[in-house]
Amino acid sequence: MFTKVFKTIVVGVDFSDYSKLVVRQAQLLSQIWKAKLVLVHAIHDPVVYSPSLYMSFPNVMTEKSYEERIKKIYSLQGSKIKIRAQRGTPTDLILSVARQFSDPLVVVGHRGHHKIAKFFFGSTSQNLALKAKIPVWIHRGSKLVKPHRILIPHDLSTQANLSIDIIKKLALAYPMSYEVFYVQEKALPVLDYKTYKAAQQKILKKTQTQVQNLFKKYPHLPFVTADGEISNKILKKTKNFDLLVMAQHNPKGWLSKSETADLLNLVEKPILVVH
């Protein structure tokens, strides 16, 4: 019997046009994976001003008022979708709500950021991708996606196997094909050729051992390798896939915070980040 991987999908909304697409994507995923849907909005300013003939009067918007506004804007009247509108920061509120449910998936949109704003504030989607301890679907692009073809960047670590495991489980309920993609790192160039060659051999030996261990765990794994700069290779590879699935875990190097952040801004396909 198939056990649901995601029982609840928690969607962050901010009344933007792009979030309407994100909600439709979440609705599609909830149908595919038979999951409940919860919309979350973080209230920043609970006071709006209602204009009159002579002056504006403050009108305190209640959480209930925001929930009704969400139903109207996202065309949810009469639906059984749960809505949570509370005061707080988006990242903290989304995670707080998600942790109230078993086996949650967070869904948010990412439209990029001005470099200065990203330096000082980051973004909700980026913060969730790097900090959440639950899976996060970050929607990119302008279309709804049915995830049939999945690309899994892998650094040959045991932690990265989580991305394979989760897709294999999801594929039991919905037909998916996937490919595991490894980009070969190169030794740092040095003046001493002998030292450089020895470093290359050391990397090659370590890689061969890791690949052997990977195939012991997954005997018929669709596995592809490449040489070069990691982000660029992954970016080019994603053009033939619907979804990118990454296990973000390392403090540096492959699938690190910086690598995840770079791909988040470069790739125009949805990214599922698992931990």
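This report walks through a predicted model of one protein chain, from its overall make-up down to a few single residues.

**The big picture**

Let's start with the whole chain. It holds nine helices and 12 strands. Of its 275 residues, 47% count as buried. The surface that the chain exposes comes to about 15,300 Å², and carbon and sulfur atoms supply 55% of that area. How much of the contact list joins parts that sit well apart in the sequence? Take the contacts between residues at least 6 apart in sequence: 76% of them join residues at least 24 apart.

**The sheet**

Now for the strands. An open sheet is formed by 10 strands, and if you walk across it you meet them in the order 5-2-1-6-7-12-11-8-9-10, with mixed pairing. Strand 5 (82-87) and strand 10 (223-227) each have a single partner strand, so they stand at the edges with one side left without a neighbour in the sheet. From one strand to the next, the twist averages 25°.

Have a look at the end of the sheet where strand 10 sits. Strand 9 (residues 177-184) pairs with strand 10 in the parallel sense, over five bridges. There you can find Tyr 182 standing opposite Thr 225 of strand 10.

**Helices lying across the sheet**

Two helices are worth tracing on the structure. Helix 5 (residues 124-131) lies across strand 6 (104-109), strand 7 (136-139) and strand 12 (271-274), and it runs at about 150° to strand 6. Helix 6 (residues 161-170) lies across strand 8 (149-153), strand 9, strand 11 (243-247) and strand 12, running at about 135° to strand 11.

Which residues of helix 6 are buried? They are Asn 161, Ser 163, Ile 164, Ile 166, Ile 167 and Leu 170. The cover over these buried residues includes helix 1, helix 7 (193-217) and strands 8, 9, 11 and 12.

**The nonpolar cores**

In soluble globular proteins, nonpolar side chains tend to be buried together. Here, the largest nonpolar core has 51 residues. Among those with the most contacts inside this core are Ile 9, Trp 33 and Ile 167. Helix 1 (residues 17-33) gives the largest share of the core, nine residues. Apart from this core lies another one of 32 residues, among them Val 97, Leu 128, Leu 151 and Ile 230.

Ile 9 makes a nice example of what a core residue meets. Leaving out residues up to four places away in sequence, Ile 9 touches a list of residues that includes Ala 26, Leu 29, Val 38, Leu 105 and Val 107.

**Aromatic pairs**

The model has five aromatic pairs. Here are two of them:

| Pair | Type | Centre to centre | Angle between planes |
|---|---|---|---|
| Phe 6 and Trp 33 | tilted | 5.5 Å | 55° |
| Phe 215 and Phe 223 | edge-to-face | 5.7 Å | 85° |

The pair of Phe 6 and Trp 33 links distant parts of the chain: Phe 6 lies in the segment before strand 1 (8-12), Trp 33 lies in helix 1, and they are 27 residues apart. Are these rings buried or exposed? Phe 6 has a relative accessible area of 2%, so it is buried. Trp 33 counts as buried too, at 5%. Ring pairs also bring in Trp 137, so that Phe 6, Trp 33 and Trp 137 make up a cluster. In the other pair, Phe 215 is partly exposed, with a relative accessible area of 29%.

**Lys 4 and its surroundings**

Lys 4 also sits in the segment before strand 1. It counts as partly exposed at 36% relative accessibility. Not counting neighbours within four places in sequence, Lys 4 is in contact with Trp 33, Lys 34 and Asp 103. Lys 4 and Ala 173 are 169 residues apart in sequence, and their C-alpha atoms are 8.2 Å apart in space.

**Two positive phi angles**

Most residues other than glycine have a negative phi. Asp 103, one of the contacts of Lys 4, has a positive phi near 50°. Asp 103 is in the loop between helix 3 (90-98) and strand 6, and it is partly exposed, with a relative accessible area of 34%. Leu 156 has a positive phi as well, near 70°. Leu 156 lies in the loop between strand 8 and helix 6. At 7% relative accessibility, Leu 156 counts as buried.

Definitions and conventions: Residues are numbered from 1 along each chain as its sequence is written. This is a predicted model: local features need pLDDT of at least 70, side-chain atom pairs count only at pLDDT 80 or more; totals for chains, interfaces and linings use all residues. Side-chain values use heavy atoms; hydrogens and water are left out. A nonpolar core is a set of buried Ala, Val, Leu, Ile, Met, Phe, Trp, Tyr and Cys residues joined through side-chain atoms within 4.5 Å. Buried means under 20% relative accessible area, exposed over 50%, partly exposed in between (1.4 Å probe, protein chains only). Helices (H or I, at least four residues) and strands (E, at least two) are DSSP runs, numbered from the N terminus. Contact means heavy atoms within 4.5 Å. Two strands pair if DSSP finds at least two bridges between them. Axes are lines fitted to C-alpha atoms, for helices over the stretch in contact, and angles run from 0 to 180 degrees between N-to-C directions. Accessible areas come from the Shrake-Rupley method with a 1.4 Å probe; for residues, only the protein chains shown count as cover. Rings of Phe, Tyr and Trp (its six-membered ring) pair if their centres lie within 6.5 Å; planes under 30 degrees apart count as stacked, over 60 as edge-to-face and the rest as tilted.
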